[in-house]
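User: Could you take me through this model and show me how each label is earned?

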Amino acid sequence: MNDNEVNSKYDRQMRLWSSSGQKRLVGSRVCVVEANAVACETVKNLVLAGVGQVVLLDSERVSAEDLATNFFVVAEEAGKARGECAARLLGELNPDSTVIHEKSSFESLLKDRSFWSQFDCVVNCRLDHCVPLIELLWDLRIPLLHAHSIGLYSLVRLYCEERTMVETHSSRADDLRIDAVWDELQEYVDSVDETCLAEVPYSVLLIKVYQEFVREHGRRPSTKETRRRLAQLGDDENVEEAIKKAALVTKRSSELNEKLAQLMQETVDLSTASSFWVLVEALKQFYEKHGVLPLSGSLPDMASNTEKYLKLQSIYRAKHETDRDELKGLALQILAQHGRAEQIAESEIELFVKNCSVLEVHRGSKNVWSSEMLSEANPVLHNTNIYFGFLALNTFHKEHKRHAAPKDQSEVRALAISQLCRWETLKSFPDGLELVLDELLRAEGTALHNVCALTGGIASQEVIKILTNQYVSFDNCLTFDGVRGQTGSWKIE
Amino acid sequence: MYDSHLRKIFGSQTDQFRQSKVLMVGAGGIGCELLKDLLLMNYGEIHILDLDTIDLSNLNRQFLFRQKDIKKSKAMTAQQAVGHFNHASKLVAHHGNIMDTNMFPLSFFTQFDIIFNALDNLEARFYVNKIALFTKIPLIESGTSGLKGQVQPIYPYETECFACIPKEQPKTFPVCTIRSTPSKPIHCITWAKNFLFPQLFGDDVSDQDKLKPQDIESDNKAEIEALLKESNELLDLKVLVNEAAPGDKGFVSKIIEKIFEEDIERLLRIETLWKTREKPEPLNCEPVKIKSLDGQKLWTVEENLALFINSTSKIAQRLKQGPVEFDKDDEDTLDFVVSAANLRSYIFHIPMKTKFEIKQIAGNIIPAVATTNAIMAGFSALSSIHAFHATMQEKVSKSKMVYDSNQPSRFVNTSGLAPKNPKCPACSVTRGIISIDLSKYTVDGLRKAIIDKYGYSDDIGIAEGTRLLYDYDFDDNLEIKLDKVCSYGNVLFISDADDELDSLELLVDKGDKLELPELEVSAKVVPEEKKEEEDEEDDLIIEGDDLIMEGDINGLDGPKRKAEDDMGPAKKRKYTADEVEVIEL
């Protein structure tokens, strides 16, 4: 296939993460542990998306249950190596990807750092979340997802020390700086007089009305007051647009959203920190100096005379470039102050400035459990119960080397209680946990394909976010309940 | 048959899956996933229906298809592709249009216990929704757009149907903006795709399609004249295209002279147009040699011109083999639209766009990825288990509507099903199925039977679609046999001449004699004023190809939707259907 054809094949998804994201997928390597239905569904979606290489780690044989729940095994291969069969069928989905079966036992590889360090992301689909694996990958700074499903329930958990996200694709209000006009923009606004009001983009109208109001009243206008004034300007298309967007006059350009303000407060060691944190420090200095963030520079589509629109666009663009260069200067200065010789790529700075108002940082945790989960204020109690249920079943499975069944009800309940008690003095059994345990026991460890497919969809979506480093990941635990058709997610600190 | 695992979880309900027949409409992104999920639920019989063939751009998510399957039927290929899996379901594939009443009459639908929609366009969705309302078969509706998606189980007349919440409408532009005073790239793209392409390469333009003075929303006489003249000359160009000899590119120069030079000069002579606008400049440049152009980058005007020449002559040659329509995945037609739009943008000093960007706009592309489809198909298949509860109350209360998987804090949202909207144009209507032999009955026979059965006091009107078959002032058809004026699969609209009783919709199904459904026709309560407004909107809006999801379907985006309603009608009422160029967005 030539480049054009490759682009056509991935066209529909490149509209989500563009060619830069696609390039990262193609160059990525992912390990998926266990070749059960959740794993194979996850791999299917990764291979279709064009992830370069997937290693499927599995040493089981194809069983009757696999044949009933996993689409990527065939009856003719019952009793043969499951991973090999699945890797072959999954590999056929996309000639651009390779799916390799690794038949070594999971346990034997647990101490092999060089095996794990080749991956950009690992997905563990076993029932056991496996603390040694969590520790090892945490150490190697490789993001780890744990995904598993029993009956109508499933679980997805992300273990990752830190995720810094720039291209979050978060929607935000347009950054038009109605209340923070700079010289060039002011000059332009002043040059617009009565005769050409119908021809200019709506942002100019908003600035005029805003400034006029502030002059007269000494305070900002409300949306309503702005609308009233705009209405007197006639009924041209740009006035209509301005009326629709009138709320923009209430946006304070100097205001930071809570997340960003918090981010700027963080202390990091700048002598070793990643370029992201260097840029955050530069952003902080920029903001302290100017009282506003660097301008993103993009101007939305507005009804206007073309020439006037282009002029305005060039004013925003020029300001963006000045701000970006200043930020770059600050960043280089910070690097120099800390005796660091490296550079930061222009493209990285550009992306950072474009997205600087919507940056996100997640700090992960290795903990399997946190005390908030038992608080009475927990809004997703039912979902955390499912999580506890999986933990109890895992403990049972480890002790008995088999899946818990309805006959094991009392033992599993006791296990769950003793586990919870070990973490905290428990006043009472969490509401509804018994019912959740019963539902899990009913399945005796078997999976339901539908739920696995859905869980694989969620897990693979998260892997793609990690690999492309685009969009915002979930943070950091989620369970699904197919009985109620509901997911709930929360953060384990 | 492996169902011990299903039995552990679903108990005796497992047998109900085995005994059920389901229909899956659409074998695309969600469809491929859904088929796999339904197979593994051991549904007794699954019908796969799709009219489409496989395209390269499907392969990033439609996992049942391979490179070698391109151009083959989706329905048939999907059926064969699951063959390796040792499933217990009987599969039936249909390659056809769901809206084709000959292929899929009502009796086709009534054999199913559940219908799954996995469609990509609003028209077919509304159609299947209507079928579900007539037959009262549970419908599970689904759709995705990028990382977002939704699943909506519909229990006809019990819960919100697909038409209960108005859908976002495609954008429209006045003819003048498109034809003489474009100011945004989208105006030029619309011009290239919806005007120039069909003018040059479309079927012979019938009188009906010709531009008429009253179509142009302008008080400017000179502008109207110029546009009319332009249209007539375009017909001459069409002759040139039709007569182009292989390898001849000379005719393209004539086209370029006409549309990028002469027409612009003519517009320039209408000075009133340019009082407040910047004047366009007729094209004045020479094409350069091009090899392969990068679709992600902006091309020069000379490159666009060269591509315009190449694609125009290629399409002209292909026309000799048969009709060519615009298709975003047909490189020649896409190149034509991209280059024509960019050249026009250049002339009007509007920024040009990359091929990648223009493809998205012209092709009405909805981003799509395997992950979201897998999640939504999983929900869709799971939703079907609730259709097997004993009581309607249970079915409805246990079902969940699913939407939006892109909110990291919530990930996937679900809510209970909303009750039907009493003002819904689809499910607030009383309707039923009439079983009849059309060749045996006259319009009058049907009229009398309806009056008699439902107690209309005096007279009724009967219409099929927008076509009137009978009313008090139009009795020409009374003695005519029904098969001359309507056919099976049609919907008859019955209205009370006295406006006392509600209207009625009857779907015509083939039968031996005349059997009318048992229906309660209640007294009319619709406030007239409101209705007029809605009718007008129906007239001017043409449905888009793809579903635009989010707020408009899940119905929870209350404030936003309300705001749109407030703004909407006033603005839209400016135009009528003939006066707008429509781009499906």
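The talk below goes through salt bridges, the chain interface, domains and cavities.

Analyst: A word on the ground rules: this is a predicted model, where local features need pLDDT of at least 70, side-chain atom pairs count only at pLDDT 80 or more, and totals for chains, interfaces and linings use all residues. Residues are numbered from 1 along each chain as its sequence is written, chains are lettered from A and ligands numbered from 1 in the order in which they are written, and side-chain values use heavy atoms, with hydrogens and water left out.

User: Why is the pair Lys359(B) and Asp11(A) called a salt bridge?

Analyst: The term asks for a side-chain nitrogen of Lys or Arg within 4 Å of a carboxyl oxygen of Asp or Glu. In Lys359(B) and Asp11(A) the closest N and O atoms are 3.5 Å apart, so the pair meets the cut-off of 4 Å. In general, side chains of opposite charge can pair when their charged atoms come close.

User: What makes Lys359(B) and Asp11(A) a link that joins two chains?

Analyst: Lys359(B) sits in helix H13 of chain B and Asp11(A) in helix H2 of chain A, so the pair joins two chains. Helices here are DSSP runs of H or I with at least four residues, strands are runs of E with at least two, and both are numbered from the N terminus. Asp329(B) and Arg12(A) also form a salt bridge, with the closest N and O atoms 3.5 Å apart. The rule finds 4 salt bridges across the interface of chain A and chain B, and 72 over all chains.

User: How do you know how much area chain A and chain B bury between them?

Analyst: Buried area is the accessible area (1.4 Å probe) that two parts lose on being put together, summed over both. For chain A and chain B that comes to about 6200 Å², 61% of it on carbon and sulfur atoms. On the chain A side, Arg12(A), Arg15(A) and Phe71(A) lose the most area to chain B, together 15% of what that side buries. Contact, meaning heavy atoms within 4.5 Å, takes in 76 residues from chain A and 70 residues from chain B.

User: What makes domain 1 and domain 3 of chain B partners in contact?

Analyst: The bounds come from an automatic or database domain assignment, which gives domain 1 as 4–168 + 367–416, domain 2 as 183–349 and domain 3 as 430–526 in chain B. By the contact rule, 7 residues of domain 1 of chain B touch 10 residues of domain 3 of chain B. These two domains of chain B bury about 770 Å² between them, 69% of it on carbon and sulfur atoms. Their count is 1 salt bridge. Lys130(B) and Glu505(B) form a salt bridge, the closest N and O atoms being 3.6 Å apart.

User: Why is a space in here called a cavity rather than a pocket?

Analyst: On a 1 Å grid over the protein atoms alone, a cavity is a set of points where a 1.4 Å probe fits but cannot get out, while a pocket is an open set with protein on both sides within 12 Å along at least five of seven lines. The count is 10 cavities of 30 Å³ or more. The largest has a volume of about 200 Å³, where volume means the space filled by probe spheres set on the points, with points joined across faces, edges and corners.

User: How do you know which residues line the largest cavity?

Analyst: Lining residues have an atom within 4 Å of a point. Of the 14 that line the largest cavity, the closest to its centre are Asn4(A), Asn7(A), Gly295(B), Lys355(B) and Phe356(B).
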